[in-house]
Amino acid sequence: MLDALTVAVAAAALALAAWCGFAAYRDQPTKDWHFIGMAVVTVLALAQLVIGLVQLGRGERPEQGVAIFLAYLAGAFAAVPAAGFLSLSERTKWGSVTVSAGAVVLAVLEVRLYDIWGG
């Protein structure tokens, strides 16, 4: 895996978590600009998914196994979009809390992906 991309995804996820956490602190629901931030983080996670699959296709293997790597890779890609969809059903500050929690989950998954690949 590309270490720089893993760090970028984790940093963007933590920035999104802080941003949505601040919105929740101010009793604000997720707004359009939060969804733009979620889209940016999701595009980074998609890039990581594609690069991970390409590396597997080229014959490179993670140290802790392909199956667990693919599971974490799919989970990392789905974490922020799932939280975003859930926040649409809760148009209060708790929607922002949901996105913030999903972004923190993504950051933790990035650390685990780094470990699984052999970092």
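Biologist: I would like to start with a single residue, so is Ser87 buried or exposed, and what is the relative accessibility behind that label?

Modeller: This is a predicted model, and in it Ser87 has a relative accessibility of 0% and therefore counts as buried, since the label applies under 20%. Ser87 belongs to helix H3, and, leaving aside residues up to four places away in sequence, Ser87 touches Thr30, Phe35, Gly95 and Val99.

Biologist: Before going further into single residues, how many helices and how many strands does the chain have?

Modeller: The chain has four helices and zero strands, and reading along the sequence gives the pattern α-α-α-α. The radius of gyration is 15 Å, close to the 14 Å that the globule rule gives for 119 residues, so the chain is as compact as a globular protein of that length. Along the principal axes, the C-alpha trace spans about 50 × 20 × 20 Å.

Biologist: What share of the residues of the chain counts as buried, and how much of the accessible surface belongs to carbon and sulfur atoms?

Modeller: Of the 119 residues, 39% count as buried. The accessible surface comes to about 6,200 Å², and carbon and sulfur atoms account for 70% of that area.

Biologist: Which residues touch the most other members in the largest nonpolar core?

Modeller: That core holds 24 residues, and Leu16, Val41, Phe69, Val80 and Leu106 are the ones that touch the most other members. Each of H1, H2, helix H3 (66-89) and helix H4 (93-117) supplies at least two residues of this core, while H4 gives the most, with eight residues. As a case to follow on the structure, Val80 touches Leu16, Met38, Val41, Thr42, Gly102, Ala103 and Leu106, again not counting residues up to four places away in sequence.

Biologist: How should I read contacts between residues that lie far apart in sequence, and what share of the contacts with a separation of 6 or more comes from residues 24 or more positions apart?

Modeller: The idea is to compare a separation along the sequence with a distance in space. Residues 24 or more positions apart account for 79% of the contacts in the chain with a separation of 6 or more. One pair to look at is Gly21 and Ser100, which are 79 residues apart in sequence and whose C-alpha atoms are 5.6 Å apart in space. Gly21 has its place in helix H1, whereas Ser100 is found in helix H4. Gly21 counts as partly exposed, at 27% relative accessibility, but Ser100 is buried, with a relative accessible area of 14%. Outside the residues up to four places away in sequence, Ser100 touches Ala17, Cys20 and Gly21.

Biologist: Turning to the backbone, what is notable about the phi of Asp27, and where is Asp27 found?

Modeller: The general idea is that most residues other than glycine have a negative phi. Asp27 has a positive phi of about 60 degrees although it is not a glycine. Asp27 lies in the loop between helix H1 (3-25) and helix H2 (32-57), and Asp27 is exposed, with a relative accessible area of 54%.

Biologist: Finally, how many positive and how many negative side chains does the chain have, and how far apart do the centres of the two sets lie?

Modeller: There are 7 positive and 8 negative side chains, and the centre of the positive set lies 6 Å from the centre of the negative set.

Notes
Residues numbered from 1 in each chain as written. Predicted model: local features only at pLDDT ≥ 70, side-chain atom pairs only at ≥ 80, totals over all residues. Heavy atoms only, no water. Rg over C-alpha atoms; globule rule 2.2 N^0.38 Å. Buried < 20%, exposed > 50% of the residue type's maximum accessible area, 1.4 Å probe, protein only. Contact = heavy atoms within 4.5 Å. Areas by Shrake-Rupley, 256 points an atom, 1.4 Å probe, with all protein chains shown as cover. Lys, Arg positive; Asp, Glu negative; His and termini not counted. Charge placed at Lys NZ, Arg CZ, Asp CG, Glu CD. Core = buried A, V, L, I, M, F, W, Y, C linked by side-chain atoms within 4.5 Å.
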